[in-house]
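The following exercises concern a single protein model. Each task is followed by a solution worked in steps.

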Amino acid sequence: MATGADLDVALDIPGIDLPGSFGAADFVAWYDGHPDVPRTWPLTAETVAVLGAGNVALDVTRILATHASALSRTDTPDAVLDQLAASPLRDVHLFARRGPADVRFSAMELRELAEQDDVDMIVDPEELALDEHAERMVAQFSQRRIIVRTMTEWAALDPASRTASRRIHLHLRQRPVRLLGSDAVTGIEMERTASDELGRMVGTGHLLRYEVGAVYRAVGYRSTPVPGMPFDADLGVVPHVEGRVVDAEGAPIPRLYATGWIKRGPVGLIGSTKSDAAQTIGHLVDDLDALEREARDDDPIAHLTHAVDFDGWLRIDAAERSAGADRGRERTKLVEREEMLMHAKQEQMMEAGR
């Protein structure tokens, strides 16, 4: 089982259900061309807010602010490029409730925000002041030093040099209180936060309001259960011991394994999930030697009529590369499930037609 985490963590504040309030999971699925989501997205706001202090918040901010022309050589689906090109966006306000030494951005992805063409980074120098807790974090962790240094460089830029048509405003130590508007999002109210002696973020009572036409929530992912499989609803993961799925009594369920965010929860980068996968597959291989197996003549997966094997995936890959070559790109992503299956099953269809 490698189903990942597909839903947004709920953010329980007034106005969160207003039109114009979006979850990052849905937005990411749209611009990545997931076959089960709509092909359109309401990119109508000139000013938007993104809530979150992790890499998903950076991804959402980057896509919103990036000019479509910068993505024209990538595998971004054509429909997504067309809608990004028509976006009237001018300002993205990225809010993190943590201070500069406690954000969960990776240093590299943060720096990449400023490497976009015709996009300015704006940071208030006053929000970069380090308290005692932040000074300890910066002294102990090199990644946090790099992050603070990057933000400090942005804050020191001459305002006269900011001439881009789009701007990313990075706000620290602010948490959302409510979304404003009656029929749709028209703004957001934030509360300034401060860290206590243990580094926990607490509200100060100081409220600020920003006029925005949309809000994107990137405050966490959560997994959903797979029918017939055990699931820990509190932790949002499949119960397991080093990747071996276990039942309610903690006993391993034969031939059932988990990897990825459905195993570890929605934390960690690709390197973390790679090591998790290696652990799970190591146990699978160990268990394989101990299994009692019987010879059989039939195909054990013949009933999986919609399954795509590796050869089928290679045919999808070839079709995407061919479509991309026509546009001077490495590939153009196929987004419709029927089209992917058509290419994957091409040989079977040809055999059936003979």
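**Exercise 1. Helix α9**

Which residues of α9 are buried? Determine also whether the length of the helix agrees with its residue count.

Solution. The model is a predicted one. Step 1: a residue is counted as buried when its relative accessible area is under 20%. Under this criterion, the buried residues of α9 are Gly312, Arg315, Ile316, Asp317, Ala319, Glu320, Ala323 and Gly324.

Step 2: an α-helix has 3.6 residues a turn, so residues three or four places apart point the same way.

Step 3: helix α9 covers residues 310-325, which is 16 residues, and at 1.5 Å a residue these should span 22 Å. The C-alpha atoms at its ends lie 22 Å apart, in agreement with that expectation.

Step 4: at the start of α9, the backbone nitrogen of aspartate 311 has a side-chain oxygen of aspartate 309 within 3.3 Å.

**Exercise 2. Strand β4 and its partners**

Establish how far strand β4 is enclosed, and describe its pairing with β3 and β6.

Solution. Step 1: strand β4 comprises residues 91-95, and five of the five are buried, so the strand is largely enclosed by the rest of the structure.

Step 2: the side chains divide by direction, with Asp91, His93 and Phe95 pointing one way and Val92 and Leu94 the other way.

Step 3: β3 runs parallel to β4, and five bridges join the two. Within this pairing, valine 50 stands opposite leucine 94 of β4.

Step 4: β4 also pairs in the parallel sense with strand β6 (residues 166-171), over five bridges. Here phenylalanine 95 has histidine 171 of β6 as its bridge partner.

**Exercise 3. An open sheet and a helix across it**

In what order do the strands β12, β13 and β14 form their open sheet, and which are the edge strands?

Solution. Step 1: the order is β12-β13-β14, with antiparallel pairing. Step 2: β12 (240-241) and β14 (252-257) are the edge strands, each pairing on one side only.

Step 3: two bridges join β12 to β13 (residues 244-246), and histidine 240 has valine 245 of β13 as its bridge partner.

Step 4: helix α8 (residues 270-290) lies across β13 and β14, and runs at about 115 degrees to β14.

**Exercise 4. The packing of α5 and α6**

Which residues of α5 meet which residues of α6?

Solution. Step 1: helix α5 (residues 132-140) packs with helix α6 (residues 142-155) at an angle of about 115 degrees, their axes being 5 Å apart.

Step 2: α5 contributes Met137, Val138, Ala139 and Gln140, while α6 contributes Ser142, Arg144, Arg145 and Val148. Step 3: the residues of this contact comprise four nonpolar, two polar and two charged.

**Exercise 5. Three loop residues**

Classify threonine 40, aspartate 118 and arginine 173 by accessibility.

Solution. Step 1: threonine 40, in the loop between α1 (24-31) and β3 (47-51), counts as exposed because its relative accessibility is 56%. Leaving aside neighbours within four places in sequence, threonine 40 is in contact with Trp30 and Gln83.

Step 2: aspartate 118 is placed in the loop between α4 (107-113) and β5 (119-123). At 30% relative accessibility it counts as partly exposed. Although it is not a glycine, aspartate 118 has a positive phi of about 60 degrees.

Step 3: arginine 173 is placed in the loop between β6 and β7 (174-180). With a relative accessible area of 13%, arginine 173 is buried. Its phi is positive, at about 55 degrees, although the residue is not a glycine.

Methods: Residues are numbered from 1 along each chain as its sequence is written. This is a predicted model: local features need pLDDT of at least 70, side-chain atom pairs count only at pLDDT 80 or more; totals for chains, interfaces and linings use all residues. Side-chain values use heavy atoms; hydrogens and water are left out. Helices (H or I, at least four residues) and strands (E, at least two) are DSSP runs, numbered from the N terminus. The expected span of a helix is 1.5 Å times one less than its number of residues. Buried means under 20% relative accessible area, exposed over 50%, partly exposed in between (1.4 Å probe, protein chains only). A polar contact is a pair of N or O atoms within 3.5 Å; within protein, one must be able to donate a hydrogen and the other to accept it, and residues adjacent in sequence count only if both atoms are side-chain atoms. Contact means heavy atoms within 4.5 Å. Two strands pair if DSSP finds at least two bridges between them. Axes are lines fitted to C-alpha atoms, for helices over the stretch in contact, and angles run from 0 to 180 degrees between N-to-C directions. Ala, Val, Leu, Ile, Met, Phe, Trp, Tyr, Cys and Pro count as nonpolar, Asp, Glu, Lys and Arg as charged, and the others, Gly among them, as polar.
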